[in-house]
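This report describes a single protein chain, from its strands to its aromatic side chains. The sequence and the model are shown first.

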Amino acid sequence: MPWLVLLRAKEIISNYKSILEDSINNVLNTEARFHRRLKNLNKVMERSKIIICTYPNTTFSEAMNSGVPSMLFYDPYYWETDPVFDNLISILKSAKIIHTDSSSLVQHLEAIWMEPLDWWNSSEIQNARVMFSEEALGIKKNWLEVWVNFFKKELDIEEDPKSRT
């Protein structure tokens, strides 16, 4: 059975974490495998059906770029965000990537559990993920061109290196 990964669950108050896990298992009518002890985050992500992060930091960014359907479940009371990201957060909430209450998360999991990739690969989610990469991570669609131009400028290269043959 693929894993449902609840990353950094220790950040959630223990009792609340148990309620969330019980709710997920009851709704999905299965015993989802919650993986918490990570020796190799990338391997765990690769083997996962869905990733749920419990705080909006680096692990969530890695999950969003892993190719595995990912969600963020957090309490905004404990995690202050810069107002510059308000629009992005709103879009990620509309796309059901970000959840701030357990009912929303559990309902969405129930809706996508059988085929999470259908949701993850939909155009709405793809657009939201691109926006996240650009705005939160600074990864542009033309990232390779940006880096090439940066190094050309730093190395003071004006001509195409391929033409030096």
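Strand 2 is mostly covered, with six of its six residues buried. The coordinates belong to a predicted model.

**Strands and crossover**

Strand 2 runs parallel to strand 3, and three bridges join them. Within this pairing, Ile51 stands opposite Ser70 of strand 3. Between the two strands the chain passes through helix 3, and the resulting β-α-β crossover is right-handed.

Strand 3 is covered on both of its faces: Ser70 and Leu72 are buried on one side, Met71 and Phe73 on the other. In a regular strand, side chains alternate between the two faces of the sheet. Strand 3 also pairs with strand 4 (residues 98-99), again in the parallel sense, over two bridges. There, Phe73 has His99 of strand 4 as its bridge partner.

**The chain as a whole**

The chain has eight helices and four strands. Along the sequence they follow the pattern β-α-α-β-α-β-α-β-α-α-α-α. Of the 165 residues in the chain, 37% are buried. Among contacts between residues at least 6 apart in sequence, 63% join residues at least 24 apart.

**Nonpolar core**

The largest nonpolar core holds 30 residues. Ile50, Phe60, Met64, Met71, Leu92, Ile97 and Trp119 are the residues with the most contacts inside this core. Two or more core residues come from each of helix 2 (41-46), strand 2 (48-53), helix 3, strand 3 (70-73), helix 4 (86-94), helix 5 (102-112), helix 6 (116-120) and helix 7.

Phe60 illustrates the contacts in detail. Leaving aside its neighbours within four places in sequence, Phe60 is in contact with Cys53, Tyr55, Met71, Leu72, Ile97 and Phe132.

**Aromatic pairs and a charge over a ring**

A pair of aromatic rings is described by the distance of the centres and the angle of the planes. Which aromatic pairs does a search of the whole structure find, and how many? The search finds two aromatic pairs. One of them is formed by Phe60 and Phe132, with 5.4 Å from centre to centre and 70° between the planes, an edge-to-face arrangement. Phe60 lies in helix 3 (residues 58-64) and Phe132 in helix 7 (residues 123-135), so this pair ties together parts that are 72 residues apart in sequence. Phe60 and Phe132 are both buried.

The rings of Trp119 and Trp120 have their centres 5.4 Å apart and their planes at 50°, so this pair is tilted. Trp119 and Trp120 are each buried.

Another tryptophan ring takes part in a contact of a different kind: the charged end of Lys49 sits over the ring of Trp113, at 4.2 Å from the ring centre.

**Three residues in helices**

His108, Ile125 and Asn42 can be described by their surroundings and by a partner elsewhere in the sequence.

His108 is found in helix 5. Is His108 buried or exposed? With a relative accessible area of 5%, His108 is buried, because a residue under 20% counts as buried. Apart from residues up to four places away in sequence, His108 touches Met71, Lys96, His99 and Trp119. Met71 and Trp119 are among the core residues with the most contacts, and His99 is the bridge partner of Phe73.

Ile125 lies in helix 7. At 0% relative accessibility, Ile125 counts as buried. Not counting residues up to four places away in sequence, Ile125 touches Ala95, Ile97, Trp119 and Trp120. The last two of these, Trp119 and Trp120, form the tilted aromatic pair.

Asn42 is found in helix 2. With a relative accessible area of 47%, Asn42 is partly exposed.

The table gives a C-alpha separation for each of these residues.

| Residue pair | Separation in sequence | C-alpha to C-alpha distance |
|---|---|---|
| His108 and Lys96 | twelve residues | 7.2 Å |
| Asn42 and Ser66 | 24 residues | 8.0 Å |
| Ile125 and Lys96 | 29 residues | 8.6 Å |

Lys96 is the partner of His108 in the table and also of Ile125. His108 touches Lys96, while the contacts of Ile125 include Ala95 and Ile97.

Methods:
Residues numbered from 1 in each chain as written. Predicted model: local features only at pLDDT ≥ 70, side-chain atom pairs only at ≥ 80, totals over all residues. Heavy atoms only, no water. Phe/Tyr/Trp six-rings, centres within 6.5 Å; stacked < 30°, edge-to-face > 60°. Buried < 20%, exposed > 50% of the residue type's maximum accessible area, 1.4 Å probe, protein only. Lys NZ or Arg CZ within 6 Å of the ring centre and 35° of its normal. Core = buried A, V, L, I, M, F, W, Y, C linked by side-chain atoms within 4.5 Å. Contact = heavy atoms within 4.5 Å. Pairing = 2+ DSSP bridges. Right-handed = clockwise from strand over helix to strand, strands pointing away.
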